[in-house]
Each structure stands twice: as structure tokens, then as C-alpha cells.
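Here is a short set of exercises to work through with the model open beside you. Try each task before reading its solution.

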Amino acid sequence: MQCCELNKGAGTKRGGKVVLQMYRITKTMPSIVRDDCTGVWAELGDDIRGVLPYLNAVVKEASYDPQQRSLSFRRGERGLSITPCETSIARATSMEHAQSTVDELRDDANENWEKRETITAFYKCRKEAKVKDMVMLLSQTNCKECGLPTCFAFTMTLRRKQKHLKDCTPLRNRHLLRRGKP
Ligand code: SF4
């Protein structure tokens, strides 16, 4: 599976009310769960933290973490984990499958942002995200910069509230760069 060029939404701009127009598939790795699937990461062209509590309100069985500003949910076999500027997809079967998943996320984000005045944003954690979904938020490089030997071990400390996503140096650096604070 190859990383692809920037994908721009067709017809998603509605009077300047979109929150997400573009994304770029940045990385793919063999799934940690299934041999026939791939984990895919996409950099989002816009910071979508504002819409995550609205998606948390409307997406069935979504898991929102108000401290990490992350949202995870299942879509069929796929698992999505979203931070303000990045999303990962677990168990994609092809690049087309991954792209259609991010396209759906983009459309959901834009549609729910547009009708946010009719939705009560939900800022609480309804249920804890699964560890294997949280691992997908990270680079999975096992670089040890967080002080843990593996990304999986780091995820366990996230679950125990001993660490925060910002303690993952590569992830924090990517977000700071995106927000113009290198
Ligand atoms: S710093 Fe981040 S990428 Fe590196 S091992 Fe820790 S969790 Fe994984």
C-alpha cells in the first residue's frame, strides 16, 4: 500500500462552513491485529478539535477523551482514532478502503459542524477506548522518547492516566508544527 497525495473533498464546501477539506495519507503499516489488513495514518488539513464533541454526541459508541482531545469509534470492521490534526484507521483492507473511510470522516465532520446548533455537544468520555485503537494514535516506531520501551506500553500508561498523548514526543512535535509552534 502506497502513501497518496493530498485528497480534497469534492463538493464539501458549503458557504465556508466546512471544518475539514483536505487530508493526506502519510503512513501505512501492517495491522497489529489482522494479517490481511493495514493500519493507515492521515494528516488532516485542518484542526478539527472543535467538531469532535459533536461527533461524540452523534456517533454510536464513540469514545471521546476530553483531556487528550481524541475520539475513537468503530465503523464496521475498521477502527478510527482521531486527534485534532490526524486520524488513524485500523484494519483497512486497501488504500481505497482507507481513503473512503477518511472521506466518510470528512463528510461527517463537515455535516455535523454545519448543523452543530441542533446538536448538544458531548464533552465526556462515554466509554474507554480500546488499547489497540489507542495504539493507532501513535507512530508505532517504539522510539522510546516517552520513556517507555514500546508504543503499546505507553498506551497502557495512557489508560491508567499516568501519561498523556503530549508525552509522546513525535506526536507532540507533529501537532506543534501544525499549529505553527515548532
Ligand atoms: S514516544 Fe511515542 S512513538 Fe516513541 S515509543 Fe513512546 S509512544 Fe511510541
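Two residues are in contact if their C-beta atoms, placed from the backbone, lie within 7 Å. Residues are numbered from 1 along each chain as its sequence is written. This is a predicted model, in which local features need pLDDT of at least 70 and side-chain atom pairs count only at pLDDT 80 or more, while totals for chains, interfaces and linings use all residues.

**Exercise 1. Confidence**

Task: find where in the protein chain confidence is lowest and where it is highest.

Solution. Start with the scale: pLDDT is the predictor's confidence in each residue, from 0 to 100. The protein chain has a mean pLDDT of 82, with 86% of its residues at 70 or more. Next, go element by element, taking helices (H or I, at least four residues) and strands (E, at least two) as DSSP runs numbered from the N terminus. Strand S1 (residues 7-8) has the lowest confidence, at a mean of 64, and helix H1 (residues 52-58) the highest, at 95. Finally, look at the start of the chain: over residues 1-5 pLDDT stays under 50, and the model has 10 contacts beyond four places in sequence for them. Residues 10-15 are also below 50. Where pLDDT is low, the predicted coordinates should not be read in detail.

**Exercise 2. The order of elements**

Task: how many helices and strands are there, and in what order do they come?

Solution. Counting gives 5 helices and 7 strands in the protein chain. Walking from the N terminus, you read β-β-β-α-β-β-β-β-α-α-α-α.

**Exercise 3. Two hairpins**

Task: work out how S5 pairs with S4 and with S6.

Solution. Use this rule: two strands pair if DSSP finds at least two bridges between them. Strand S4 (residues 63-65) and strand S5 (residues 70-75) pair in the antiparallel sense over 3 bridges, and Ser63 stands opposite Ser72. This hairpin has 4 residues between its strands, and Arg69 in the turn has a positive phi of about 55°. Now move on to strand S6 (residues 78-83), which pairs with S5 in the antiparallel sense over 5 bridges. Here Arg74 stands opposite Gly79. The S5 and S6 hairpin has 2 residues between its strands, with a positive phi of about 65° at Gly76 in the turn.

**Exercise 4. Helix H2**

Task: check the span of H2, then find what its buried residues pack against.

Solution. The expected span of a helix is 1.5 Å times one less than its number of residues. H2 (residues 95-114) has 20 residues, so it should span 28 Å, and its end C-alpha atoms are indeed 28 Å apart. For burial, count other C-beta atoms (placed from the backbone) within 10 Å of a residue's own: 20 or more means buried, 12 or fewer exposed, and in between partly exposed. The buried residues in H2 include Ala98, Thr101, Val102, Leu105 and Ala109. An α-helix has 3.6 residues a turn, so residues three or four places apart point the same way. The partners of the buried residues of H2 are strand S2 (22-30), strand S3 (38-44), H1, S5, S6 and strand S7 (86-92).

**Exercise 5. Two positive phi values**

Task: are Glu61 and Arg91 buried or exposed?

Solution. Glu61 lies in the loop between H1 and S4, and its phi is near 60°, a positive value in a residue other than glycine. Glu61 counts as exposed because it has 9 C-beta neighbours inside 10 Å. Arg91 is found in strand S7 and has a phi near 65°. Arg91 is buried because 24 other C-beta atoms lie within 10 Å.

**Exercise 6. Cys146 and the ligand**

Task: place Cys146, list what it touches, and describe the shell around the ligand.

Solution. Cys146 sits in the loop between helix H3 (131-135) and H4. With 21 other C-beta atoms within 10 Å, Cys146 is buried. Not counting residues up to four places away in sequence, Cys146 touches Phe154, Lys163, Asp167, Cys168 and Thr169. Turning to the ligand, a residue is near it if its C-beta atom, placed from the backbone, lies within 6 Å. The ligand is surrounded by 15 residues, the closest being Cys143, Cys146, Cys151, Phe154 and Cys168. Helix H4 (151-159) and helix H5 (169-178) each supply at least two residues of this shell, and H5 gives the most, with 3. By class the shell has 9 nonpolar residues (Ala, Val, Leu, Ile, Met, Phe, Trp, Tyr, Cys and Pro count as such), 2 charged (Asp, Glu, Lys and Arg) and 4 polar (the others, Gly among them).
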